[in-house]
Amino acid sequence: MKPLGVGLIGTGYMGKCHALAWNAVKTVFGDVERPRLVHLAEANAELAAARGSEFGFEKATADWRALIADPEVDVVSVTTPNQFHAEMAIAALEAGKHVWCEKPMAPSYDAAERMLRAAKASGKVAVLGYNYIQNPIMRHIKQLIGEGAIGSVNHVRVEMDEDFMADPEALFYWKSELSSGYGALDDFAVHPLSLLWFLFGHVEAVITDMLKPYADRPLKEGGRRAVENHDAASVLMRLGGGISAVLMANRAAWGRKGRIALQIYGSKGSIAYDQERMNEFELYQADGRGTEQGFRKILAAPDHHPYERFIPAPGHGLGFNDLKIIECHELIHAISGKPSSTVDFANGLRIEKSVHAMAQSFQERRWIEIAG
């Protein structure tokens, strides 16, 4: 397989994550061709040129459509704000490119459906940036559940909390606009939903409450603007197999930095995990003498594949960008026709469907069943 020609649209936080992954995937895994960083697009030519030089791209442009039209580009990373995902991803797919798009798919369900239709029509690989499922620890948790290590799972609780919107006097920016989505649900809670899908399958029914902690925020030029979406949400859910679940998400939670707290309860034990301590989890198994029962802390180690591709010793720890490198490797496998662990647009749309059902539940104040 010839090296993939990579195009990158957007060079903010996630754009840099993608660039790091494309640069490192060959070095870490060795079993893929080194991607060729062909073309980078940003909002203006000066910024594009600067980021292109920093990230190692051959060409840079202020016109993302020129990047998509480039015949040397095989796969496009879309890392722009949410409201631009659909237009860019669909254009890339229609141009015959593979797509790696950051989550969520799009603020509207119709746009997300159009993205899936474009992916199916193109025959190209189209995946979403849900890198938390790539954590070797999360893969091992899934294996333990499958092996029955904690018996039959009956209840799951997951919380996602950060404090980047906790300050009531923080300036208004695009994440508080209705055009960017519902707020905590689709900007944020899609990550724990991806973990639930990875471990148990898709959500089947929901009932939701949402909250705006602050009614408005200050503008840089003076005055204030009303907050248009919700920074916190609480959801009761039903999963397949009779599993009950609770999801809580809060973008305004002082003191929380990158928390996805996952608690899984079964008939023979339980598992506890927190993304802020992403290189460990706790396992409780209700066997043996009661006098020695208790949670065991298990640290990430070379036995938890593909941790060993990064570090040869246990307990040293992977980071967020390392998970992005694993995701990039899985994407390359998918493009080459090998089995891979990614969230494709079909499963991504099902996650989006859950989010829209949650918003509908909040508006109508009732349980919503999620079909299909």
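This is a quick talk on the cavity and the largest pocket in this structure.

So, first the housekeeping: we're looking at a predicted model, where local features need pLDDT of at least 70, side-chain atom pairs count only at pLDDT 80 or more, and totals for chains, interfaces and linings use all residues. Residues are numbered from 1 along each chain as its sequence is written, and side-chain values use heavy atoms, with hydrogens and water left out.

Okay, how many cavities of 30 Å³ or more does a search of the whole structure find? One. A cavity here is a set of points on a 1 Å grid over the protein atoms alone where a 1.4 Å probe fits but cannot get out, and lining residues have an atom within 4 Å of a point. Its volume is about 40 Å³, counting the space filled by probe spheres set on points joined across faces, edges and corners.

Around that cavity you'll find Leu193, Leu196, Trp197, Gly201, His202, Val203, Ile351 and Ser354. H7 (184-200) and H9 (345-364) each put in at least two of the lining residues; helices are DSSP runs of H or I, at least four residues, numbered from the N terminus.

Now the largest pocket, a pocket being an open set with protein on both sides within 12 Å along at least five of seven lines. This one has a volume of about 630 Å³. Of its 29 lining residues, Tyr13, Met14, Lys103, Lys175 and Asp187 lie nearest the centre. H1 (13-29), H7 and H8 (320-335) each supply at least two, and H7 gives the most, with three.
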